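Thanks for coming. I will go through one structure today, and you should have the sequence and coordinates up in front of you.

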Amino acid sequence: MIVTQVNTQEQPPELPTDRIGFVRYMPWITTPLLCAVLIAVWSLYVAKSGISPFVLPAPSAVLQAWLDMLQSSRAWNDVLATVYATLAGFFWAVVAGVGLGVPIARVRWLEQTLNPFIIASQVLPKVALAPLFIVWFGFGITSKVLIAAILAFFPILTNTVLGVKSIDQGHRDVMISLNTTRWQVFRRLELQSSLPYIITGMEVGIVLALIGAIVSEYIGGDYGLGHLLISRMNAFETDGLFAVMIHMAILGFIFYFGISALRRWLTPWHDSAR
Amino acid sequence: MTAAICLEAVDKWYGTRDKPVHALQATDFEVRQGEFVVLLGPSGCGKTTLLRMIGGLITPSHGRLRIMGRDLWNGHARQSSAVSDLGMVFQEANLFPWLTIEDNIALPLELKKMPKQARLERARSLTKLVGIAGFEKRWPRELSGGMRQRAAIARALSYDPAILLMDEPFGALDAITRDQMNIELQRLWMETGRTIVLVTHSIAEAVFLADRIVLLSPRPGRIDKVVNVPLSRPRGLDVQTTAEFQDIVRDLRHRLEEIS
């Protein structure tokens, strides 16, 4: 008979070492490292290939153009114009998207009536409306806000409808058993319960609003980051072109993280906020 | 004394003109104040329909329904004076995930515009009553199924209704937790002196909890018979091994087999 030796002491077996700490901090090292490598490759390619700076400027030239842009008050006015068009458009998209989404999700005939229109306008590339809006509303800020709003509107609408439709019947029963008013059901149940969905729509919507603002600035008006980008292209200032793109990317990041912060603030209870 | 709940020829039809379904035949029944009544029956017998009608969640097709002597329905309008005497507990806890436990418990009070300080005090005393003190600030997702159901009971009790209506409240819980919850429910009922109507499909649970068991039979749903449970209070879990308990259980099971 084989007797295996039994360890009578209460000791854990050899467990793997805690690697969670390392894994958590790894992106803070690897991501900048990857960035540095990409910039180095870009730099080296420009230096060795002798490519024209009109086609691809060196990273150092782009950096210089970007720093110049930071000091130019004209460029800051363009940033402000784009930010205004994006946020104003986004605001109206949220108002219209949530304001229409809730009744559409609740009233069946309304949904059936409006659905063909919603789908038709979903499949139409909405930037195609930009020239029309400039014809109708001129080169001023109104047409930009409208394009930004229309692009941001649909994801907010569809997510609101989904959110209100996903409300638990059990939660509705609770509200009915408490003999609540229509307004209380909206305010305390429907809005709260669909908030994670609405914020998801807003996350998509804010980026689309920025795209809408920039595209409408391409084709009309004489301010905004979109306009600046086109004028840099026409002037063959490719390094400046890159600098405007950096500005746009930073704006996009700020907007997106703004909405993410909103999510953590408004729906800390939801899985998506963790 | 007025009956806590009074049904006069209450019935319920579902479906369409071509395919009508008689969910509950005309039913007369009275629940006395302070009584513990259990509605027992196989699925499809209309026990949940009956409870949801008493709770005002669905309208009866015919008949008259009175809560503490007051009509629950006036035409198609639910009467808030009657509804405020009713507290509902569902099979799922149905806590709002965006509210902390204390805010969930205090929600009915908030909807009735009670000031914040007063309603949170009430919520705190209720968490003690149902045995979840110390969890006031947690999210519902952080609690176990049994604890969530305790919070749901506390919410139903928050505005001090005379009658508690419970639709298979412990059906989703494991057997051990369920026994424990039944003991606690009995204690709560004895301490607060409320009227309770509870729906279950567990014969043992029905006999353990009830003063009177209403046995319902299906197709169409109707009251088959009403059984008194004369076992003394408070009942411990050991009561289930007594001959008296088992006799009642056996009779009910035989009758259930015949009707389902």
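Pro59 of chain A and the rest of the model

I will start with a single residue: Pro59(A), which sits in helix H2 of chain A, residues 59-71. Before going on, note that this is a predicted model.

Is Pro59(A) buried or exposed? Neither quite: Pro59(A) is partly exposed, because 17 other C-beta atoms lie within 10 Å, and being buried takes 20 or more. Leaving out residues up to four places away in sequence, Pro59(A) touches Ile39(A), Trp42(A) and Ser43(A). There is also a long-range pairing here. Pro59(A) and Phe242(A) are 183 residues apart in sequence, yet their C-alpha atoms are 9.4 Å apart in space.

Now the confidence figures. The model has an ipTM of 0.85 and a pTM of 0.79. For chain B the mean pLDDT is 86, and 100% of the residues reach 70 or more. Within chain B, strand S10, residues 195-200, has the highest confidence, at 92. The lowest is in helix H2 of chain B, residues 80-83, with a mean of 78.

Staying with chain A, I turn to a helix pair. Helix H5(A), residues 130-137, and helix H6(A), residues 141-165, have axes that come within 9 Å and cross at roughly 145°. The crossing of H5(A) past H6(A) is right-handed. Which residues make the contact between H5(A) and H6(A)? From H5(A) they are Ala130(A), Phe133(A), Ile134(A) and Phe137(A). On the H6(A) side they meet Thr142(A), Ser143(A), Leu146(A) and Ile147(A). By class, this contact has 6 nonpolar and 2 polar residues, and no charged ones.

Further along chain A, Ile259(A) lies in helix H10. Ile259(A) counts as partly exposed, because it has 18 C-beta neighbours inside 10 Å. Setting aside neighbours within four places in sequence, Ile259(A) is in contact with Ile199(A), Met202(A), Glu203(A) and Ile206(A). Val204(A) is 55 residues from Ile259(A) in sequence, and the two are 9.6 Å apart, C-alpha to C-alpha.

Next, the cores. The largest nonpolar core has 74 residues. Those with the most contacts inside this core are Ile5(B), Val38(B), Leu39(B), Ala151(B), Leu165(B) and Val197(B). Which element gives the most to this core? That is helix H5 of chain B, residues 145-157, with 7 residues. A second core, separate from the largest, has 44 residues, and includes Val62(A), Ile104(A), Ile147(A) and Val164(A). Ile147(A) has already come up, as one of the H6(A) residues that H5(A) meets. As background, nonpolar side chains in soluble globular proteins tend to be buried together.

To look at one core residue in more detail, take Val38(B). Beyond four places in sequence, Val38(B) touches Leu198(B), Thr200(B), Ala206(B), Leu209(B), Ala210(B) and Ile213(B).

How do the two chains meet? On the chain A side there are 13 residues, in contact with 16 residues of chain B. The chain A elements that give two or more residues to this side are helix H7, 169-177, and helix H8, 182-219. H7(A) gives the most, with 6 residues. What classes make up the side of chain A that touches chain B? There are 8 polar, 4 nonpolar and 1 charged residues.

Last, some backbone details. Chain B has a cis peptide bond between Arg219(B) and Pro220(B), with omega about -15°. Pro220(B) is in the loop between strands S11, 212-217, and S12, 222-228, of chain B. Another cis peptide bond joins Arg233(B) to Pro234(B), with omega about -10°. Pro234(B) is in the loop between S12 and helix H8, 243-259, of chain B.

Two residues with positive phi are also worth listing. Phe236(A) has a phi of about 55° although it is not a glycine, and is found in the loop between helices H9, 225-234, and H10, 238-266, of chain A. Asn94(B), also not a glycine, has a positive phi of about 55°, in the loop between strand S8, 86-89, and helix H3, 101-111, of chain B. Their surroundings are as follows. Phe236(A) is exposed, because 12 other C-beta atoms lie within 10 Å, whereas Asn94(B) counts as buried, because it has 23 C-beta neighbours inside 10 Å.

That is what I have.

Technical notes. Residues numbered from 1 in each chain as written. Chains lettered and ligands numbered in written order. Predicted model: local features only at pLDDT ≥ 70, side-chain atom pairs only at ≥ 80, totals over all residues. Core = buried A, V, L, I, M, F, W, Y, C linked by C-beta atoms within 7 Å. Helix = DSSP H or I, 4+ residues; strand = E, 2+ residues; numbered from the N terminus. Contact = placed C-beta atoms within 7 Å. Nonpolar A, V, L, I, M, F, W, Y, C, P; charged D, E, K, R; others polar. pLDDT = per-residue confidence, 0-100. Axes fitted to C-alpha atoms, helices over the stretch in contact; angles between N-to-C directions. Left-handed = near helix turned anticlockwise from the far one by under 90°.
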